[in-house]
Amino acid sequence: MKQLIIVGSVTYAMKGREILFNHGIRAYIERLPRTPDTPGCGYGIYVPERADEAEQILREADIHVLGRKEW
Amino acid sequence: MIYLDNAATTYPKPPQVSAAMLEAMRKYGANPGRAGHKMSMETAEQVFHAREEAAAFFGAPGPEDVSFVMNCTQALNMVIKGAVKPGSHVVTSCVEHNAVMRPLEALRQQGIITYTEAKVVPGDNDATLNAFREAIQPNTSLCVCTQASNVWGIRLPVERIAALCHAYEVPICVDCAQSAGVLPVNMKDTGLDYVCAPGHKGLYGPMGTGLLIAQDGSKLSTIIEGGTGTSSESLEQPEGMPERFESGTINVPGILGLRAGIAFVRRKTEKRIYQHESALVCMLYDRLRASGKVELYMPRPEPPYFVPLLSFNLPNKDSEDVAAALNQMGFAVRAGLHCAPRAHNFGGTLERGTVRVCPSVFTVPAQMAAFAQAVLKIAEK
């Protein structure tokens, strides 16, 4: 199962990725897949490991997290 | 040609600026923030680094607070028209450029706002601050002013004005058109709410680039809406910076050129650039003053009260004629009103305009000496 943390824009995705790198968490930016519950046209941060911790770090850093996607 | 019209736009640009633009055209030709393919993501990465560079330069809280726009005028319009509410009041200064005055006047004529021009007192920041204090009204919703006059070089104490405004819970927007790259601006330290800057002047980027930096852009209404590459299912403009103010495809080659320009200034440091250019302008001022043949309107333009530019006239000569004569002699300067009639009204030159001269980091003393000689030669004719 792939964990994607959804954020508001490619800018926030890049900022979030840098924050996670600084915390020693690998993170990659991906375009959101289009599914019935996500309309697409957005970006997420793919975190292979420690996704819960990563989301918490992002929220504490004022990155507006729109949700999580697993597929 | 000796180019001394750097207050209009700097020339030449550092070679790394044009190199960055060429690289953008060759390698980063995809639309950033619109797709997930490799070149789009690589282009977005480069734009993000440009935001980081600008945020670090202006002491912005984060790269997301930096929106790239067409020029400083567009940024000022976005803030002024986005911040004011019907029936509210705006405080500005008496030396503003039309980039501030025309939006304010348009809103006034539409019956949306009133505004007050606070009197600036060159060399007396306490008096200037007091004028701003007296201009604030209970319904003041914005203070917008320049950091330095584009005609007279007068520096406004924007840090103190910001503190004053915040005491009255009034947001402040600073026009850094003539100061960015010469005077330091730190949004975090000073609490400036909005900073507007051109990319093509003291930041040595290409024309067609500008910056709108906002501590909280979601407080501003938008005047341009459209595609941002995100939340496309919604018909509402996104609230989040920077996309809120970047509808439509952005100027990637310009932005990457601007990044190189900012990096150039950061390496040189604003302090050294300021010292270098001020020394040149003071040298010119001294030579023109010593001749007794030149009308100078302001005190010697020394730091910290002035930015390095100088406006002057020759007795019984039209400023445009003097600029044309200088052009014939190989000097590029700008005459007239410099899009700032209120500043000329302040200096008593609304009828005549002035000749304005402004060096850049690349100007050398010999060029300024030759310019002084040329001015005096025209004065003797």
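# A tour of chains A and B

Start with chain B, whose secondary structure comes to twelve helices and 13 strands. The model is predicted. Show the C-alpha atoms of chain B alone: along the principal axes they fill a box of roughly 70 × 55 × 35 Å. The radius of gyration of chain B is 21 Å, which agrees with the value near 21 Å for a compact globule of 381 residues. Colour by burial, and 53% of the 381 residues of chain B count as buried. Among the contacts in chain B with a separation of 6 or more, 71% are between residues 24 or more positions apart.

**Stop 1: the seven-stranded sheet of chain B**

Select the strands β2, β8, β7, β6, β5, β3 and β4 of chain B; in that order they form an open sheet with mixed pairing. Which strands stand at the edges? They are β2 (66–69) and β4 (113–118) of chain B; each has a single partner strand, so one side of each is left without a neighbour in the sheet. From one strand to the next the twist averages 20°.

Within this sheet, pick β3 (residues 88–93) and β5 (residues 140–146) of chain B, which pair in the parallel sense over three bridges. To find the register, label B:H89, which stands opposite B:T140 in β5(B). Then add helix α4 (residues 98–109) of chain B, which packs on the sheet and touches β3, β4, β5 and β6 (172–175) of chain B. The direction of α4(B) makes about 145° with that of β4(B).

**Stop 2: B:A162**

Next, centre on B:A162 in helix α6 (residues 158–167) of chain B. Why does B:A162 count as buried? There are 22 C-beta neighbours of B:A162 inside 10 Å, and the cut-off for a buried residue is 20 or more. Leaving out residues up to four places away in sequence, B:A162 touches B:I172, B:T190, B:G191 and B:L192. Draw a C-alpha to C-alpha distance from B:A162 to B:T190: the two are 6.9 Å apart in space and 28 residues apart in sequence.

**Stop 3: helix α10 of chain B**

Move to α10 of chain B, residues 319–328, and show B:S319, B:V322, B:A323 and B:L326, the buried residues of this helix. Looking down the axis of α10(B), these buried residues fall within an arc of 100°, so they line one face of the helix. An α-helix has 3.6 residues a turn, so residues three or four places apart point the same way. Turn to the face of α10(B) away from the buried side for the exposed residues B:A324 and B:Q328.

What do the buried residues of α10(B) pack against? Select β10 (310–313), β11 (331–332), β12 (334–336), β13 (354–357) and α12 (365–380) of chain B to see the partners. After α10(B) comes B:G330, with a positive phi near 95°.

**Stop 4: the sheet of chain A**

Now switch to chain A and select its four strands in the order β2-β3-β1-β4, an open sheet with antiparallel pairing. At the edges stand β2 (28–31) and β4 (65–70) of chain A, each with a single partner strand, so one side of each has no neighbour in the sheet. The twist here averages 35° from one strand to the next.

Strands β1 (residues 3–7) and β3 (residues 43–46) of chain A run antiparallel and are joined by four bridges. One place to check the pairing is A:V7, whose bridge partner in β3(A) is A:Y43. Helix α2 (residues 51–60) of chain A packs on this sheet, touching β1 and β4 of chain A, and its direction makes about 15° with that of β1(A).

**Stop 5: helix α2 of chain A**

Stay on α2(A) and show its buried residues A:A51, A:A54, A:E55 and A:L58. Around the axis they cover an arc of only 100°, which puts them on the same side of α2(A). What covers them includes β1, α1 and β4 of chain A. On the face turned away from the buried side of α2(A) are the exposed residues A:D52, A:Q56 and A:E60. A:D62 follows α2(A) and has a positive phi, near 65°.

**Stop 6: where the chains meet**

Finally, show both chains and select the contacts between them: 14 residues of chain A are in contact with 21 residues of chain B. On the side of chain A that touches chain B, α1 (10–22) and β2 of chain A each supply at least two residues. The largest share of that side, five residues, comes from α1(A). Colour the side of chain A that touches chain B by class to find six nonpolar, five polar and three charged residues.

Technical notes
Residues are numbered from 1 along each chain as its sequence is written. Chains are lettered from A and ligands numbered from 1 in the order in which they are written. This is a predicted model: local features need pLDDT of at least 70, side-chain atom pairs count only at pLDDT 80 or more; totals for chains, interfaces and linings use all residues. The radius of gyration is taken over C-alpha atoms; the globule rule is 2.2 Å times the number of residues to the power 0.38. A residue is buried if 20 or more other C-beta atoms lie within 10 Å of its own, exposed if 12 or fewer, and partly exposed in between; C-beta atoms are placed from the backbone. Two residues are in contact if their C-beta atoms, placed from the backbone, lie within 7 Å. The arc is that of the directions from the helix axis to the C-beta atoms. Two strands pair if DSSP finds at least two bridges between them. Axes are lines fitted to C-alpha atoms, for helices over the stretch in contact, and angles run from 0 to 180 degrees between N-to-C directions. Ala, Val, Leu, Ile, Met, Phe, Trp, Tyr, Cys and Pro count as nonpolar, Asp, Glu, Lys and Arg as charged, and the others, Gly among them, as polar.
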